[in-house]
Amino acid sequence: MTTTAPARSDSLTNLRHEEAAWRASVCQVASSHVAIDVSTAIDPSEVAFAVHCRMRLRIRRPAEGLWVDFVGQGVDSLSIDGQPVAVSWDSARIVLPVLDPGEHAVEIGARGLYSNSGQGLHRFHDPVDGATYLYTHFEPSDARRAWPVMEQPDLKTRFSLEVTHPRGWTVMSNTRPVAGGSGAHVPADSADTDSGEVGSDVEVTSFASSKPLPSYLTALAAGPWHRVTGQWSSPSRQGLTIPLSWSCRASLADHLDASELLDVTRAGLDLYDQSYSYGFPWDSYDSVLVPEYNLGAMENPGCVTFNEDLYLFRGPVTRAQRSGRANTILHEMCHMWFGDLVTPAWWEDTWLKESF
């Protein structure tokens, strides 16, 4: 018997809990691979970027009205199991046909829009040196502004990302890069992998598949970042070494007190390693000080973003300011376990992860 989606909200972009609960009851997202092309981001006249999403859906029972969320410039193509399907998109939802129970491959080609609001994929042109920086902020429901997703916290997926970008950029996401590009933490055996070179001015950075994540915790930071690296070794799990980094835009490099920031990061990881009695659950830990942020910080697994105005000190500071920054660093780090590994099922659970 075919089940039908609940009546929709009057607003095109709102997602009601009842709708989300229905969607989670009829399908799972086994994996999601996103390929995004931001190679022309440095050109202010370019307002959109190309994105291609490939999802593996597990359908529990036939469902009429199942959809994928996307808010952007346009949707160019949709295919199911390799067969083209007519696109039905109302600027917020891409409607899927009724699918038989089992696993299906859904591929979507679309065009996203750069943001200057701190939501979705934010783009910043540095007035000091003209450099361009990109970073994402998705909580609670803005991943759909960057790429097609099933935008609700209880539909976790193994997420992987491939980024085509200007040559020389540093690109970070939730996991380590697996081949080529300018991202750090490339495995030692990567000489046998694809170089990532696609042209004289463009290259590709590809990232490993993540542990299951809700869409709002997936992340991207890209640009000519000034980046200082380090590492941390788990006291409780011999052989577990996590690469660390702190980054800021290049024009502010002289203000990045990376030694102190890395020391605080290591101390915090030591504390939680002991407190949780559960090893650090992600494979890297990058911290990025970003411009024009509309909040203080965000706990994206493996790629935490911080407000540069609040936490990149550019003059004399008090002990209280340093203590406050350390408190924020440890707050976001605590979420790596409770809030990222363990996540809310819906947004009324937010208080619990924050109070913990």
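I began with the largest cavity in this predicted model, and I noted that 15 residues line the cavity, with Ser32, Val149, Met150, Thr157 and Ser215 lying nearest its centre. Looking up which elements give two or more residues to that lining, I found S2 and S12. The space in the largest cavity comes to about 110 Å³, and my count of cavities of 30 Å³ or more stopped at one. When I sorted the lining of the largest cavity by class, I recorded 11 nonpolar and four polar residues, with no charged residue among them.

I turned next to the largest pocket, for which I have a volume of about 190 Å³. Its lining holds 14 residues, and those closest to the centre of the pocket are Gln28, Val29, Ala30, Arg58 and Lys156. I wrote down S2, S3 and strand S12 (157–166) as elements that each supply at least two residues of this lining, and S2 as the one that gives the most, with four. By class, I entered six nonpolar, two polar and six charged residues for the lining of the pocket.

Last, I looked up helix H1, which spans residues 17–26, and I listed Glu19, Ala20, Trp22, Arg23, Ala24 and Val26 as its buried residues. What do the buried residues of H1 pack against? I found strand S1 (3–4), strand S2 (27–37), strand S3 (48–59), strand S4 (63–64), strand S5 (67–69) and strand S8 (93–95).

Definitions and conventions: Residues are numbered from 1 along each chain as its sequence is written. This is a predicted model: local features need pLDDT of at least 70, side-chain atom pairs count only at pLDDT 80 or more; totals for chains, interfaces and linings use all residues. Side-chain values use heavy atoms; hydrogens and water are left out. Buried means under 20% relative accessible area, exposed over 50%, partly exposed in between (1.4 Å probe, protein chains only). Contact means heavy atoms within 4.5 Å. On a 1 Å grid over the protein atoms alone, a cavity is a set of points where a 1.4 Å probe fits but cannot get out, and a pocket is an open set with protein on both sides within 12 Å along at least five of seven lines; lining residues have an atom within 4 Å of a point. Grid points are joined across faces, edges and corners, and a volume is the space filled by probe spheres set on the points. Ala, Val, Leu, Ile, Met, Phe, Trp, Tyr, Cys and Pro count as nonpolar, Asp, Glu, Lys and Arg as charged, and the others, Gly among them, as polar.
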